[in-house]
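Open the structure in your viewer and set it to a cartoon view. Keep the selection tool ready and follow the stops in order.

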Amino acid sequence: MRFASYNIQYGIGLDGQFDPERIAASLDGADIIALQEVTRGFHRNGHVDLVARFEALFPGHFAAFHAPCDIDIGSTVEDGRAVSRRFQFGNTILSRWPILSTRMISLPRTRTISPMNLQRGATEALIAAPDGPLRVYSVHLDHVLPAERIAQIRFLKERLLGYTLEGGGITGAADFGLAEPPHPEDFVVMGDFNMEPETPEYCEMAGARDAYYGRSLRVENPVDTLAHLGRLTPESYSWVHPDNPQKRMHLDYCFISAGLVPRLKDAWTDYDAKGSDHLPIGFELE
């Protein structure tokens, strides 16, 4: 089972070209995909509906999209009919297997004067995977303030670890004549965390390292797939500055619950991809 995550920067690559097909090609073969910076109504890519575009590019995948940032960009009444024009900025999950339920998790934020601060969030999808139901999250955290990222990570981890108590999108579904969705403990969290390895935000997510034992496996701490396999190095990066290619940072991650670690087989970064200022990352479970 192959997973991939890609902050697609609204479809625009390092060369300034808008090319969703190039992005899709770099994700070929992935069973479950998490995308960030998926837009509708954005002037920088010609107001393209990227949700519909990627659904068309992956016809064999089911899709879930939520936009934590959704604002008006000129809705009008034309010929007596209301026409909505909105800018949406959010996260998509594409899955080869049916999505049993989905919801948007809005993350904490604070008001800024400058720079711009979007409402951030996570798209949650409960997927009917072959080996049993699995929760998958496509996440995008704040890009400016470490304290805000820490608050967002704490809130997100409460949702991840408290899922069996909260119940996801619906519980007591029989009252609506629906089947009750399962409530699996295991999860996958992928996305752009806008944090570098071993920063306070990273340690808030993955747990701090002990001087002797290193980073132990604990139920409350999601596991960084790349780091767990020893493939996260000082040279690793997943973002390239568009105007200064020598400026690189590792900002994107695939985390899994501790229960999935025995099935972790591989993890990678695609350093050849050019479809965004970020790089696709991924991993494989047995």
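Select Thr102 and look across to strand 8: Ala125 stands opposite. This is a predicted model, so keep that in mind at each stop.

Now colour strand 7, residues 99–106, together with strand 8. The two are antiparallel, and seven bridges pair them.

Move to the other neighbour. Strand 9 covers residues 132–140 and runs antiparallel to strand 8, with nine bridges between them. Pick Ala129 and you will find Gly132 of strand 9 opposite. How many residues does the hairpin use to join strand 8 to strand 9? It uses two.

Show the surface around strand 8, residues 121–129. Eight of its nine residues are buried, so the strand is largely enclosed by the rest of the structure.

**Next stop: an open sheet**

Select strands 3, 6, 2, 1, 16 and 15, in that order. These six strands make an open sheet with mixed pairing. At the edges are strand 3 (62–72) and strand 15 (264–269), each paired on one side only. From one strand to the next, the twist averages 15 degrees.

Add helix 2, residues 50–57. Helix 2 packs on this sheet and touches strand 2 (32–40) and strand 3. Its direction makes about 145 degrees with that of strand 2.

Strands in a sheet are held in pairs by backbone hydrogen bonds, either parallel or antiparallel. For an antiparallel case here, take strand 1 (residues 2–7) and strand 16 (residues 281–285), joined by four bridges. Within this pair, Phe3 stands opposite Phe283.

**Next stop: aromatic rings**

Show the side chains of Phe, Tyr and Trp. Across the whole structure, a search finds 11 aromatic pairs. Zoom in on Phe3 and Phe283. Why does this pair count as stacked? The ring centres are 4.5 Å apart and the planes are at 0 degrees, so the label is stacked. Phe3 belongs to strand 1 and Phe283 to strand 16, so the pair ties together parts that are 280 residues apart in sequence. Are these two residues buried or exposed? Both Phe3 and Phe283 are buried.

Go on to Tyr237 and Tyr271. Their rings form a tilted pair, 4.8 Å centre to centre, with 55 degrees between the planes. Tyr237 is in the loop between helix 6 (225–228) and strand 12 (239–241), while Tyr271 is in the loop between strand 15 and strand 16, so the pair ties together parts 34 residues apart in sequence. Check the surface for each ring. Tyr237 has 14% relative accessibility and therefore counts as buried. Tyr271 is partly exposed, with a relative accessible area of 34%.

Select Tyr10, Phe42, Phe87 and Phe89 at once: they form one aromatic cluster.

Then pick Phe155 and Arg159. The charged end of Arg159 sits over the Phe155 ring, 4.5 Å from the ring centre.

**Last stop: the annotated span**

Finish by colouring residues 4–278. UniProt, in an unreviewed entry, lists this span as "domain: Endonuclease/exonuclease/phosphatase". Put a distance label between the C-alpha atoms at the ends of residues 4–278: they lie 13 Å apart. The span is 17% helix and 34% strand.

Key. Residues are numbered from 1 along each chain as its sequence is written. This is a predicted model: local features need pLDDT of at least 70, side-chain atom pairs count only at pLDDT 80 or more; totals for chains, interfaces and linings use all residues. Side-chain values use heavy atoms; hydrogens and water are left out. Two strands pair if DSSP finds at least two bridges between them. Axes are lines fitted to C-alpha atoms, for helices over the stretch in contact, and angles run from 0 to 180 degrees between N-to-C directions. Contact means heavy atoms within 4.5 Å. Rings of Phe, Tyr and Trp (its six-membered ring) pair if their centres lie within 6.5 Å; planes under 30 degrees apart count as stacked, over 60 as edge-to-face and the rest as tilted. Buried means under 20% relative accessible area, exposed over 50%, partly exposed in between (1.4 Å probe, protein chains only). A charge sits over a ring if NZ of Lys or CZ of Arg is within 6 Å of the ring centre and within 35 degrees of the ring normal. UniProt positions are given in the numbering used here, feature names are shortened, and annotations may be inferred rather than shown by experiment.
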